[in-house]
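Let's take a stroll through this protein model and look at a few of its corners. Have the 3D view open as you read.

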Amino acid sequence: MGPLLSIRHRHFPSWLRTNTSFAVVLLAICLSSLSATAHEWHDLSNIPTTRQELPGVFLDGKIYAVGGMLENPRLDSTTAFDRYDVATDTWETLPDLPISVHHVNAAVLNGKIYFMGGWTGTGPDAVLSGTYEYDPDSGIFTQFDDMPTGVAAAAASPLGDAIYVIGGTAATNFNGSGNVSLVQKFDPEAATGSQWSTESSTMPDPRNHVHSVVMDDAIYVSPGRSVFSNNSRDWEGVTIQKFYPSTSSWEDPLNLAELPATRGRSAGGLCAVNRKIYFLGGEANTTPNSLTRLPIVDLYDPAANTWTALTPEMPTGVHGMSAVTAGDRGNKIYVVAGGTGFGVAPTPKLQRMTVFGTQLPHTGTIPSLPGRIEVEDYDTGSSEVGHFDLSSGNSPGSYRSDDVDITTTADSGGGFKVTSTETGEWLEFTVNLTSAELYQINLRASSSTNDAAVSLWLDGVLISSLDLINTGDAEVFADNLVSIDLPDPFIGTHALLRMEIEGAGAELNWIEFTSFDPIGPEVESHANTSECTIELIFSEPVESGMGPGGAENPANYTIDNGVSVLSAQLAADQQTVILRTSPLSPSVNYTLLVSNVRDLASIPNTITPPASLEFVHADRATTGLVLMYQFNERSGDQVRDLSAFESPLNLSIPSPASIEWLPGALQLKDTTLISSDPSASKVNTAIQSSKALSFEAWIKPANTSQSGPARLATISLNSSARNVTLGQDGDHFEVRLRTNSTGVNGDSPALSTGIGTATDSLTHLVYTRDSSGSAVIYINGSLSVSGQIGDAEQALGWDANYKFAIGDELTGGRPWLGDIYLIALYSRALSSAEVAQNHQAGPRGGSIPPYEAWRRSHFSAAELANPLISGDQADPDGDDIDNLQEGANLLDPATPDSLLQPTLGYDPAGYLTAEFDRAFFTSDLEQGAEFSSDMNTWNKDGVLISPPTDNGDGTWRFRVRDREQSSTAARRFMRYDVRKAK
């Protein structure tokens with residue numbers, strides 16, 4: 001790693017967080033669209049105060065919206081003053097303006113914002129002449145000399161050390177009768193009493209509702225509202241007007257191209273990008289164009305003196321808006337607010353137009369980031385489009401034909417370098433970056449002076465400025481490593497990165513971008529899932545293997561109170577880890593410490609600080625369990641039934657866009673029905689026989705207004721026929737159970753909890769009903785309500801054809817939204833002690849048997865749904881060891897393995913003995929040595945010769961002997977058997 005760079009003392013945006021001094025942000029661009037469309041539009045965050053007839057200015061990455069006209073009360077002015085942060089897409093309301101004003105004229109000069117003139121009131125009542133300065137650093141307003149002639153709706157542009165206010169109107173009405181032809185010049189550095197002057201030259205065609213841009217020391221003034229037919233009505237202009245401040249003269253209007261009459265308008269925005277001028281929106285009320293507000297966009301090319309109509313048009317056509325760019329840098333035009341109809345009809349919209357296609361990557365392919373960009377591959381285009389170089393002609397050996405100095409280099413990567421740089425030169429790059437994240441940048445550069453520096457701008461926002469390392473030799477290059485957090489608003493847009501040179505003598509080879517994550521993994525969720533397993537879910541993918549930072553290294557996990565971590569297995573999602581431990585005791589408070597585990601970042605981060613996790617082991621009650629969903633899939637379109645009762649009743653998710661998988665939960669964020677394909681007949685049979693049930697859920701409702709009741713979980717046909725439904729009705733819960741006396745809808749009566757018992761917090765909800773008809777609802781382990789539902793020993797009359805569903809009624813219309821952590825159904829009534837036990841265990845505690853945990857850690861959600869891959873007898877790696885045996889021996893089913901064969905022998909007394917290794921704590925599997933004399937009848941009760949020995953790798957060694965002596969039979973046989981526990 002090379003030396004880090006020092007930062008010059010400069011102002012940086014608040015969103016910029018650098019670890020060192022050099023930060024680069026680059027944006028996404030779609031190359032395929034460059035040839036098809038010249039620009040695209042996006043809506044951004046709305047302005048806080050809805051208004052129109054307001055100017056906007058750009059300064060230090062921010063857009064300032066000054067005053068404006070309100071709709072209610074109609075035509076009233078406002079003191080509203082707002083600031084938009086381009087990098088974060090956020091608005092900030094600033095202190096009120098010192099005056100209430102609309103149609104005010106504004107410009108930026110030397111880091112300060114100036115506004116002058118305008119109208120006030122609701123008429124407008126008066127034309128103002130006051131001049132004010134706003135200092136963004138101090139937040140202070142200062143009043144300057146009044147304008148010689150107060151005007152509203154004029155054009156204002158800075159040039160040199162002055163602001164030029166051109167045209168506008170001095171009348172108290174909105175037509176052209178009060179238009180002035182003046183060019184008024186404001187110099188804030190002049191002494192009081194001489195800050196304003198009037199230029200000798202006047203506008204050829206006086207206009208109001210105009211805007212202006214500066215290019216090549218000339219000011220271009222937009223078409224606007226002029227005078228027609230003896231001031232009897234307005235005329236929306238069709239020409240741009242061009243003023244030269246250096247000579248106080250105007251270009252002859254006859255020399256400037258005209259818009260078609262049907263596109264003439266006033267009050268449109270005017271902006272320059274890549275030496276082209278864009279005229280956006282506007283209003284036409286008396287021109288041949290019949291529209292009152294126009295979404296149209298026209299381009300004026302000063303070099304060719306031509307107008308071109310552009311598509312696509314504005315998504316929302318407006319007039320009287322502010323339209324700004326980031327000065328000479330970048331390719332974005334921001335259209336702030338404006339009126340959407342004739343007269344006053346303001347909108348809060350902020351629309352962004354991105355211009356592209358005027359310059360392209362030199363190689364013809366947009367470089368993808370992360371990756372390397374060769375600095376000599378700056379964009380194509382003429383001088384001041386893709387590049388700007390102060391010297392004429394380039395260095396010998398250059399492979400570009402413009403003035404940029406390029407020569408070969410023997411540095412890393414070879415090829416070319418940009419050399420002999422001077423202050424004021426710049427290069428622009430079109431790049432492709434599609435995600436908001438932290439990036440590490442390595443700028444490969446050299447300098448033989450202490451003056452060379454590079455500033456980076458993105459669409460006019462200063463990203464960073466760095467002093468290049470003085471390597472003492474132009475051919476000695478250094479790695480300059482830094483990082484930056486990329487803000488979301490830049491993602492998915494066409495953009496230009498500008499590299500500006502400060503000082504002389506920089507030698508630039510390449511910049512390399514690498515995804516950089518400075519934040520270590522966190523344990524997002526943890527659960528003690530059985531007597532000997534703990535499930536952890538990390539916040540991001542973590543390192544596999546047994547290395548020091550590996551998530552499968554048992555040494556990275558410690559548990560107090562004498563519990564050992566025997567093994568750690570990383571699941572297919574690379575975020576879930578199953579720990580196997582020595583036995584955990586019920587109701588003991590344990591602390592699990594997780595340390596050293598690293599993420600998969602290019603520069604790996606370690607979990608910092610180590611995670612200290614508290615838990616209490618409590619087994620869930622499992623007797624009589626007929627359905628159980630724990631929503632641990634993390635992905636996919638299926639929820640698996642983990643009850644191990646008969647065939648699993650899995651649920652299908654028809655609309656994945658309506659849900660979101662959370663760690664250990666499923667979030668229903670939009671209306672959807674998640675249901676079983678077959679009917680819930682296995683549940684029907686079991687509960688019809690017992691005449692008792694328990695319905696359990698761990699949930700977090702999205703709100704307390706969903707009603708119907710909203711179907712949290714149901715076995716039903718439609719909204720009026722069911723077997724059982726667990727529902728939420730506003731701020732309480734309701735359970736409907738069908739019996740011969742409660743009716744086919746199960747609501748005569750239903751059992752409901754009290755007002756306020758349903759909240760938007762995590763809730764443990766259990767409904768029990770025994771065969772005597774006694775029903776109880778428990779909330780968070782405590783009794784909430786009880787009642788008699790049906791008669792004792794009465795047949796329930798359930799329909800075996802009904803399906804099981806969550807989230808809605810089978811026929812729709814009763815949606816429930818929220819997070820679901822567990823749903824379980826029992827064919828018996830849990831006791832109050834068992835309900836408390838399940839509450840203490842939590843939604844995932846004590847409920848995932850070790851073999852099931854092994855399956856989850858080795859198969860993805862899609863593979864778990866495919867028994868040909870994850871089934872007990874499946875052998876995905878083809879090593880003749882099925883999954884049941886792989887799980888019993890803690891092997892990897894995706895990698896061929898071999899099983900250690902038991903060692904056979906005789907003890908001195910004549911008994912057959914066997915020694916073998918096994919995973920001791922696989923309580924849901926029956927496994928071990930069996931003995932037989934005829935290979936038909938097997939004795940499963942081998943005698944332990946000595947206590948099991950811990951091998952230290954999650955397995956234990958057993959030594960057993962036969963119960964029968966070999967001398968009593970002609971032959972004795974031994975086998976090692978693995979099967980599901982009954």
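## A small sheet

Leucine 109 sits across from lysine 112 in β7. Keep in mind that this is a predicted model. Strand β7 covers residues 112-116, and 5 bridges tie it to β6, with the two running antiparallel.

Zooming out, β6 and β7 belong to an open, antiparallel sheet of 4 strands, ordered β6-β7-β10-β11. The edges are β6 (105-109) and β11 (140-144); each has a single partner strand, so one side of each has no neighbour in the sheet. From one strand to the next, the twist averages 25°.

## Rings that meet

How many aromatic pairs does the structure hold? There are 28 of them. In one of these, phenylalanine 115 and phenylalanine 141 meet edge-to-face, 6.3 Å centre to centre with 85° between the planes. That pair connects strand β7 to strand β11, across 26 residues of chain.

Is phenylalanine 115 buried or exposed? Its relative accessible area is 1%, under the 20% cut-off, so it counts as buried. Phenylalanine 141, at 23%, is partly exposed. Phenylalanine 141 also makes a tilted pair with tyrosine 134, at 4.9 Å and 45°, and tyrosine 134 is buried at 3%. Ring pairs join these residues with Tyr64, Phe81 and Tyr132 in a cluster.

## Out on a loop

Now hop over to asparagine 450, in the loop between β34 (438-447) and β35 (453-458). With a relative accessible area of 63%, asparagine 450 is exposed. Its side chain still makes a polar contact of 2.9 Å with the side chain of asparagine 470.

How values were computed
Residues numbered from 1 in each chain as written. Predicted model: local features only at pLDDT ≥ 70, side-chain atom pairs only at ≥ 80, totals over all residues. Heavy atoms only, no water. Pairing = 2+ DSSP bridges. Axes fitted to C-alpha atoms, helices over the stretch in contact; angles between N-to-C directions. Buried < 20%, exposed > 50% of the residue type's maximum accessible area, 1.4 Å probe, protein only. Polar contact = N/O pair within 3.5 Å; in protein donor to acceptor, adjacent residues only side chain to side chain. Phe/Tyr/Trp six-rings, centres within 6.5 Å; stacked < 30°, edge-to-face > 60°.
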